[in-house]
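Me: I would like to learn how to read the features of a model like this one. Could we go through it together, one feature at a time?

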Amino acid sequence: MNFYERNKEKLLFLIFFILIFYIFLPQTIKEQLPKDFFSGLPTYPIVFIIFICFMVFGSYREFKRSIDLGEYAEKHNYDFCQKPDEAQISLFKEFKSIKTISNRDKFFNLLIPKDDNHTKPLIVTGKSIFGGGQHTWTYNTQIFLYRHNAELPKFYMQRKTWFNNIIGRRYKKFQVNDIAQYKFKKKDFPHNKYFFFSEHPEIEDFITNNFIELLKTGIDKKKALINIESNGKNLIFYKQWSRHTTEHIDYYSNLFKALKQSLIKGLEDEQ
């Protein structure tokens, strides 16, 4: 992948920023610029052209992503569904935290493994929309669901943001399903980076040292923090407000698979 392919979105935003910056410059400053610097460019047509370019680029980006995911599905033995129906996403909607990353019940770009569902995840993108009218912000989150179909302790692990750490905010309850926050007593869980919620009496035995070390390795390598939820039989993993390139899908699939296996190992050891 060349420099342009890797950075074309950043370059487009840079051009957009320069044009907008120029449009709103005071006239006295514009007069000091070289005469051939955006010379004679009318303001309103520029704004209109920029708007049209962004609309076209946004549509192209979604179209290109669908093509990339279709190719990824064929290469990795998945079925790809751009617009999944209610039955296809029903497993995802069994998780309480889904409401926080798809606040309007919108899901798209579903990848369904054709082979063993217990080792490969179902992957879907959830959309959250904030604001209203002409002032809305959209955030997409790619969600990885691993089936286990056997009893698991219920828990939710939520990343802490810089905002949480700066103001010292602490959650007493998991807002979605009112699970109490749990503090590890015997294990060195990274509470400075994650909130952990569970009311299962043996949760600390279930969370293995290997699982904790994997989390710490990600923190040490300055990788983005992740969220995890167990609904009692399956697991979801996601990096909130992020969806990944096809290369990063492989990276996160392997990471989440390793985390899942470390948890299941703890359950097997208990039995």
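Me: Which residue in β4 does Ser-128 stand opposite?

Reply: Ser-128 stands opposite Tyr-139 in β4. Before we go on, this is a predicted model, in which local features need pLDDT of at least 70 and side-chain atom pairs count only at pLDDT 80 or more, while totals for chains, interfaces and linings use all residues. Residues are numbered from 1 along each chain as its sequence is written, and side-chain values use heavy atoms, with hydrogens and water left out.

Me: How many bridges join β3 to β4?

Reply: In general, strands are DSSP runs (E, at least two residues) and helices are runs of H or I with at least four residues, both numbered from the N terminus. Two strands pair if DSSP finds at least two bridges between them. Here, 11 bridges join β3 to β4 (residues 135-147), and these strands run antiparallel. On to the neighbours: β2 (residues 106-113) is joined to β3 (residues 122-132) by 4 bridges, also antiparallel, with Phe-108 partnered by Thr-125. From β4, 5 bridges lead to β10 (residues 234-238), again antiparallel, and Tyr-146 has Leu-235 as its bridge partner.

Me: In what order do the strands of the sheet come?

Reply: The open sheet has 8 strands in the order β1-β2-β3-β4-β10-β9-β5-β8, with antiparallel pairing. Its edge strands are β1 (78-81) and β8 (194-197), each of which pairs on one side only.

Me: Is Tyr-139 buried, partly exposed or exposed?

Reply: The scale is relative accessible area: buried means under 20%, exposed over 50%, and partly exposed in between (1.4 Å probe, protein chains only). Tyr-139, in strand β4, is partly exposed because its relative accessible area is 36%.

Me: Where is Lys-160, and is that residue buried or exposed?

Reply: Lys-160 lies in the loop between β5 (155-159) and α5 (162-167). Lys-160 counts as buried because its relative accessible area is 7%.

Me: What does the side chain of Lys-160 reach?

Reply: The idea to use is the polar contact: a pair of N or O atoms within 3.5 Å, where within protein one must be able to donate a hydrogen and the other to accept it, and residues adjacent in sequence count only if both atoms are side-chain atoms. The Lys-160 side chain reaches the backbone oxygen of His-191 at 2.5 Å. Lys-160 and Phe-195 are 35 residues apart in sequence, yet 6.5 Å apart in space, C-alpha to C-alpha.
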